[in-house]
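User: Can you walk me through this one? I'm new to reading structures, so keep it plain.

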Amino acid sequence: MIKKGITLLLLSFLIVACKKEGNKGIVQTNPENQIIIADNGKIDSTIGYNVDVNGKKTIKTDYVYKATDGTLVKVVFNYDPKESSISITNNKKTFTLDKVESKGNETIYEKDEMKAKVKGDSLILHQGENVIELEKTKI
């Protein structure tokens, strides 16, 4: 009986100690120190660092956009201040456009004859005479 009481007491101390310390496997970040700004001018919690084999950090996030005809397009935003760009992939072809202008809630990317305007959840592509409207999906 005493052994059961001691075991229960130790178990309860262990549970309380675990609750106070939290999960040490989770790295917490201080939101005030987070300076990653999305195209809408706000801190974007979905953006994270990707670290390559050499330890170089890049800031990228990807979304799936849907065209008006139902076609799905993968769009990767690279928020690295040195090389801010957007990569658009469809039908095994990838187009990478460089960031040229940001107006608070609207960002413009360009390369050669291709231009992309990102505003909120919409992305409008201009390629010559063609205009393709894309909307961010929640897949």
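User: Is Ser85 buried or exposed?
Analyst: Buried. This is a predicted model, and in it Ser85 has a relative accessible area of 9%. The cut-off for buried is under 20%, so Ser85 counts as buried.

User: Where is Ser85 found?
Analyst: Ser85 is in strand S4. That strand covers residues 85-90.

User: What is Ser85 in contact with?
Analyst: Leave aside the neighbours within four places in sequence. Then Ser85 is in contact with Val76, Phe77, Asn78, Thr96, Leu97, Asp98, Lys99 and Tyr109.

User: Which way do S3 and S4 run?
Analyst: Antiparallel. Strand S3 takes in residues 72-78, and five bridges join S3 to S4. The two strands form a hairpin, with six residues between them.

User: What stands opposite Val75?
Analyst: Ile88, in S4.

User: New topic. How many aromatic pairs are there?
Analyst: Three aromatic pairs. One of them is Tyr63 with Phe77. Their rings are 5.9 Å apart, centre to centre, with 70° between the planes. That makes the pair edge-to-face.

User: Why give both a distance and an angle?
Analyst: A pair of aromatic rings is described by the distance of the centres and the angle of the planes.

User: Where do Tyr63 and Phe77 sit in the chain?
Analyst: Tyr63 is in strand S2, residues 57-67. Phe77 is in strand S3. They are 14 residues apart, and the pair links distant parts of the chain.

User: Are Tyr63 and Phe77 buried or exposed?
Analyst: Tyr63 is buried, and Phe77 is buried too.

User: Which residues do the ring pairs link into a cluster?
Analyst: Tyr63, Phe77, Tyr79 and Tyr109. Tyr109 came up before, as a contact of Ser85.

User: What about the loop between S4 and S5?
Analyst: Asn91 is found there, and so is Lys92. Asn91 has a positive phi of about 50°. Lys92 has a positive phi of about 60°. Neither Asn91 nor Lys92 is a glycine.

User: Why mention that?
Analyst: Most residues other than glycine have a negative phi.

User: Are Asn91 and Lys92 buried or exposed?
Analyst: Asn91 is exposed, with a relative accessible area of 66%. Lys92 is exposed as well, at 84%. The cut-off for exposed is over 50%.

User: Okay, pockets. How much space lies in the largest pocket?
Analyst: About 280 Å³. The lining has 15 residues, and the closest to the centre are Asn90, Phe95, Leu125, Gln127 and Ile132.

User: Which elements give two or more residues to the lining?
Analyst: S4, strand S5 (93-102), strand S8 (122-127) and strand S9 (130-136). S4 gives the largest share, three residues.

User: What is the lining like by class?
Analyst: Eight nonpolar, five polar and two charged residues.

User: How do S8 and S9 pair?
Analyst: In the antiparallel sense, over six bridges. Gln127 stands opposite Asn130 in S9. The hairpin has two residues between the strands, and Gly128 takes a positive phi near 65°.

User: And how do S7 and S8 pair?
Analyst: Antiparallel, over six bridges; S7 covers residues 114-119. Ala116 stands opposite Leu125 in S8. This hairpin has two residues between its strands. Gly120 is in the turn, with a positive phi of about 65°.

How values were computed. Residues are numbered from 1 along each chain as its sequence is written. This is a predicted model: local features need pLDDT of at least 70, side-chain atom pairs count only at pLDDT 80 or more; totals for chains, interfaces and linings use all residues. Side-chain values use heavy atoms; hydrogens and water are left out. Two strands pair if DSSP finds at least two bridges between them. Helices (H or I, at least four residues) and strands (E, at least two) are DSSP runs, numbered from the N terminus. On a 1 Å grid over the protein atoms alone, a cavity is a set of points where a 1.4 Å probe fits but cannot get out, and a pocket is an open set with protein on both sides within 12 Å along at least five of seven lines; lining residues have an atom within 4 Å of a point. Grid points are joined across faces, edges and corners, and a volume is the space filled by probe spheres set on the points. Ala, Val, Leu, Ile, Met, Phe, Trp, Tyr, Cys and Pro count as nonpolar, Asp, Glu, Lys and Arg as charged, and the others, Gly among them, as polar. Buried means under 20% relative accessible area, exposed over 50%, partly exposed in between (1.4 Å probe, protein chains only). Contact means heavy atoms within 4.5 Å. Rings of Phe, Tyr and Trp (its six-membered ring) pair if their centres lie within 6.5 Å; planes under 30 degrees apart count as stacked, over 60 as edge-to-face and the rest as tilted.
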